[in-house]
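Take a moment to look over the sequence and the 3D structure before reading on. The paragraphs below are meant to be read with both of them in view.

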Amino acid sequence: MGRSPIIALTGATGFIGGAVARRLLREGWEVRALYRPSSRSNPVARAGLSWIPGSLEDAEALARLVAGADALVHCAGAVRGAGRDVFDRVNAEGVARIAARAAAARVPRFLLMSSLAAREPQLSPYAASKRAGEVALARAAGATAWVALRPPAVYGPGDRELRALFRWIGRGLLPVLSGAAARFSLLYVDDLAAAVACWLREGGGEGHAFELHDGRPGGYSWADVAHGAQDLLGRRVRRVPVPEAALKVAAALNLALAVTGYRPMLTPGKVRELRHPDWVCDNAPFREATGWRPEVGLEEALRRTFGWGGRSGPGRGA
Ligand SMILES: NC(=O)c1ccc[n+]([C@@H]2O[C@H](COP(=O)([O-])OP(=O)(O)OC[C@H]3O[C@@H](n4cnc5c(N)ncnc54)[C@H](OP(=O)(O)O)[C@@H]3O)[C@@H](O)[C@H]2O)c1
């Protein structure tokens, strides 16, 4: 019997990379994961999983990570920060560096965790850096076959960014962060991990970036989210519009604090992302290329993550 295929993975101490690691291990892949010793998440020991200490800035660690790997799944990324340089260093230059390493080591396949934000690079330094990462991968990949996935907002157990929003919903208040007519797609984290596993197994669509969502064409409005939560919680969820001016003031304060080394999530760029009216995406090309099907819609995801609606999920209560 041959050895199990080795998947080199980055970002495994994070929300999405952690879910990807668990999924790949469950499916019997061997996972070799990069971790920064400074990470606030401890690298957990599991059968089939080995950890390589280092970062995207560490050429020797990257060489060890990719040596002999059958595929590379690159989920590490900067999601908070104040300036373009913070995002570019990781999301663009980091991708260029690891893609060049993978090409030099003849890693056959590379999956980049990009973002739907890459569709609108003019909105923010984060969005621009995610688009730049896709361009860098295409340039550096050489003979490595690649795809980039562009998920919309991803949520589920272990998420740190949307947790606060869901906590408010659990208390009966939904802060409406963009215009009332805004629409957005969503994706449950396990479905994203399944998409990664599906591409590793089946291949398809090489050389392209793909949008992914939870199977709901046309996405959600804020009213849809409020009604879905309301049905599960059995209580009214009131929508509370958050004025753009308030978001901008909070973002400006965060930016001022960033000189102390603090890495803010809410920045002027993030406000422009939040206020963007159309974050709806299209699943069809990736489904057709790989056969992947999302399984978890909003209500089931809220049940699993928060235990709303009577079923206790693996996550924290809201
Ligand atoms: N969450 C979403 O809704 C969402 C939506 C679309 C796309 N994405 C993309 O998905 C990816 C993962 O996001 P996430 O939500 O899982 O973020 P996360 O929880 O903050 O995880 C980020 C991961 O990247 C690692 N990392 C950051 N900089 C690194 C560096 N210089 N060298 C090595 N590792 C580094 C972090 O390591 P440490 O533990 O050491 O910090 C962590 O493992 C990102 O590329 C993001 O752009 C996320």
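What follows is a walk through this predicted model, beginning at the ligand and going on to the cores and to two single residues.

Begin at the ligand, which has 24 residues around it, and among these Thr-13, Ile-16, Ser-39, Tyr-126 and Lys-130 come nearest. When the residues of this shell are sorted by character, 13 are nonpolar, 8 are polar and 3 are charged. If you follow the shell back to the elements of the fold, you will find that α1 (15-26), α4 (125-140) and β7 (153-155) each supply at least two of its residues.

Some of the contacts with the ligand can be traced atom by atom. An N or O atom in the side chain of Lys-130 is 2.7 Å from an oxygen atom of the ligand, whereas Glu-57 places a polar side-chain atom 3.1 Å from a ligand nitrogen atom. Leu-56 takes part through its backbone, with an N or O atom that lies 3.0 Å from a nitrogen atom of the ligand. Taken alone, the ligand would expose 890 Å², and the protein buries 87% of that area.

Glu-57 also leads us to Ser-55, since the side chains of these two residues make a polar contact at 2.9 Å. Ser-55 is found in the loop between β3 (49-53) and α2 (59-66), and its relative accessibility is 14%, so it counts as buried, the limit being under 20%. Leaving out residues up to four places away in sequence, Ser-55 touches Leu-34, Arg-36, Ala-61 and Leu-62.

Turn now to the nonpolar interior, where the largest core has 61 residues, and where Leu-72 and Phe-110 have the most contacts inside it. Helix α3 (residues 84-104) gives the most to this core, with 6 residues. Among the residues that Phe-110 touches, beyond those up to four places away in sequence, are Leu-72, Ile-98, Leu-137, Trp-146 and Trp-199. A second core, separate from this one, has 37 residues, including Leu-9, Leu-24, Val-31 and Leu-49.

Finally, which residues does Leu-232 contact, leaving aside its neighbours within four places in sequence? They are Glu-299, Leu-302, Arg-303, Trp-308 and Gly-309, and with Gly-309 the separation is worth following along the chain, for the two are 77 residues apart in sequence and yet 4.2 Å apart in space, C-alpha to C-alpha. Leu-232 itself is found in helix α7 (residues 222-233), and because its relative accessible area is 10%, Leu-232 is buried.

Note on methods. Residues are numbered from 1 along each chain as its sequence is written. This is a predicted model: local features need pLDDT of at least 70, side-chain atom pairs count only at pLDDT 80 or more; totals for chains, interfaces and linings use all residues. Side-chain values use heavy atoms; hydrogens and water are left out. A residue is near a molecule or strand if one of its heavy atoms lies within 4 Å of it. A polar contact is a pair of N or O atoms within 3.5 Å; within protein, one must be able to donate a hydrogen and the other to accept it, and residues adjacent in sequence count only if both atoms are side-chain atoms. Accessible areas come from the Shrake-Rupley method with a 1.4 Å probe; for residues, only the protein chains shown count as cover. Helices (H or I, at least four residues) and strands (E, at least two) are DSSP runs, numbered from the N terminus. Ala, Val, Leu, Ile, Met, Phe, Trp, Tyr, Cys and Pro count as nonpolar, Asp, Glu, Lys and Arg as charged, and the others, Gly among them, as polar. Buried means under 20% relative accessible area, exposed over 50%, partly exposed in between (1.4 Å probe, protein chains only). Contact means heavy atoms within 4.5 Å. A nonpolar core is a set of buried Ala, Val, Leu, Ile, Met, Phe, Trp, Tyr and Cys residues joined through side-chain atoms within 4.5 Å.
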